[in-house]
Amino acid sequence: MNGPSALAAHTAVEGAFVLGAFNHFATVVGGPQASPRAGEHGVAIGRFAWMGVDGLTLNMRSSDADLQGVVITVANPGVDWRWVFYDDATRTYRIRQGLPCPMLSRGNVWVRFQYGARPGEQVYANILDGSAISGYSAGGELTPWVVVTHAAAGGLSIISTQRGQLQ
């Protein structure tokens, strides 16, 4: 599947979504450009990323000063499927280098867990590729998110920063 159909299929299963009155999103902003921009090789959607003081965002931590968030799809007027590309190596859609890269610092998000996830577990971000990890991981960084729905290995799960309101 290529082009707009591929992007539509992807956005239907990963990224930010609305859950009634309990949904309070917060985005990551900062740096001289005041908003995150995809860094070298683009940034994977539906994964954690870190934004440096220059506004460049990567799916890996590069400094203790970086701000963490989850990369979501670009849903602005004038933005279309050409802003993203599919990366076979990571099996993710990526926002092209230099383009705006919206990131959530809190809210409700669908993410993929390579090894599965159980409700109530804390979510960690893999500091090398931004993938979500359910439960403690020595190679991960603690996030403010918690797993809400069960996911089998390689499956999607809802994570949220709104503890207690989604159960």
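Strands are runs of at least two residues assigned E by DSSP, and they are numbered from the N terminus. In this predicted model, R91 lies in the loop between strand 8 (84-87) and strand 9 (92-95).

## Overall architecture

The secondary structure of the protein consists of 1 helix and 15 strands. Of the 167 residues in the protein, 48% are buried. Among contacts with a separation of 6 or more, 58% join residues that stand 24 or more positions apart. The protein exposes an area of about 8,500 Å², and carbon and sulfur atoms supply 57% of that area.

## Two loop residues with positive phi

Most residues other than glycine have a negative phi. R91 is not a glycine, yet its phi is positive, near 55°. Is R91 buried or exposed? R91 counts as exposed because its relative accessibility is 67%, and the cut-off for this class is over 50%.

H41 also is not a glycine and has a positive phi, of about 70°. The place of H41 is in the loop between strand 3 (37-38) and strand 4 (43-44). With a relative accessible area of 58%, H41 is exposed.

## The second largest pocket

Rolling a probe the size of a water molecule over the atoms shows where empty space is left. The second largest pocket of this model has a volume of about 150 Å³. Which residues line the second largest pocket? The lining is made up of E40, H41, G42, A44, R47, L58, N59, M60, T90, R94, L128 and D129. These lining residues divide into 4 nonpolar, 4 polar and 4 charged. The exposed loop residue H41 is therefore one of the residues that border this pocket.

L58, which also belongs to the lining, is located in strand 6 (residues 56-58). L58 is partly exposed because its relative accessible area is 26%, a value that falls between the limits of 20% and 50%. Apart from its neighbours within four places in sequence, L58 is in contact with G39, E40, V43, A49 and W50. E40 is itself named in the pocket lining. R37 stands 21 residues from L58 along the chain, and the C-alpha atoms of these two residues are separated by 8.9 Å.

## Strand 15 and the segment after it

S157 is placed in strand 15. S157 counts as buried because its relative accessibility is 0%, and buried means under 20%. A polar atom of the S157 side chain lies 2.4 Å from the backbone oxygen of T149. What else does S157 touch, leaving aside its neighbours within four places in sequence? The contacts of S157 are V109, W110, V111, F113, A117, V147, V148, T149 and A151. T149 thus appears both in this list and as the owner of the backbone oxygen described above.

Q162 follows in the segment after strand 15 (155-160). Q162 is buried, with a relative accessibility of 9%. The side chain of Q162 makes a polar contact with the side chain of N108, at 3.1 Å.

## Accessibility of the residues discussed

The table gathers the relative accessibility of each residue described above.

| Residue | Relative accessibility | Class |
|---|---|---|
| S157 | 0% | buried |
| Q162 | 9% | buried |
| L58 | 26% | partly exposed |
| H41 | 58% | exposed |
| R91 | 67% | exposed |

Terms used
Residues are numbered from 1 along each chain as its sequence is written. This is a predicted model: local features need pLDDT of at least 70, side-chain atom pairs count only at pLDDT 80 or more; totals for chains, interfaces and linings use all residues. Side-chain values use heavy atoms; hydrogens and water are left out. On a 1 Å grid over the protein atoms alone, a cavity is a set of points where a 1.4 Å probe fits but cannot get out, and a pocket is an open set with protein on both sides within 12 Å along at least five of seven lines; lining residues have an atom within 4 Å of a point. Grid points are joined across faces, edges and corners, and a volume is the space filled by probe spheres set on the points. Ala, Val, Leu, Ile, Met, Phe, Trp, Tyr, Cys and Pro count as nonpolar, Asp, Glu, Lys and Arg as charged, and the others, Gly among them, as polar. Helices (H or I, at least four residues) and strands (E, at least two) are DSSP runs, numbered from the N terminus. Buried means under 20% relative accessible area, exposed over 50%, partly exposed in between (1.4 Å probe, protein chains only). A polar contact is a pair of N or O atoms within 3.5 Å; within protein, one must be able to donate a hydrogen and the other to accept it, and residues adjacent in sequence count only if both atoms are side-chain atoms. Contact means heavy atoms within 4.5 Å. Accessible areas come from the Shrake-Rupley method with a 1.4 Å probe; for residues, only the protein chains shown count as cover.
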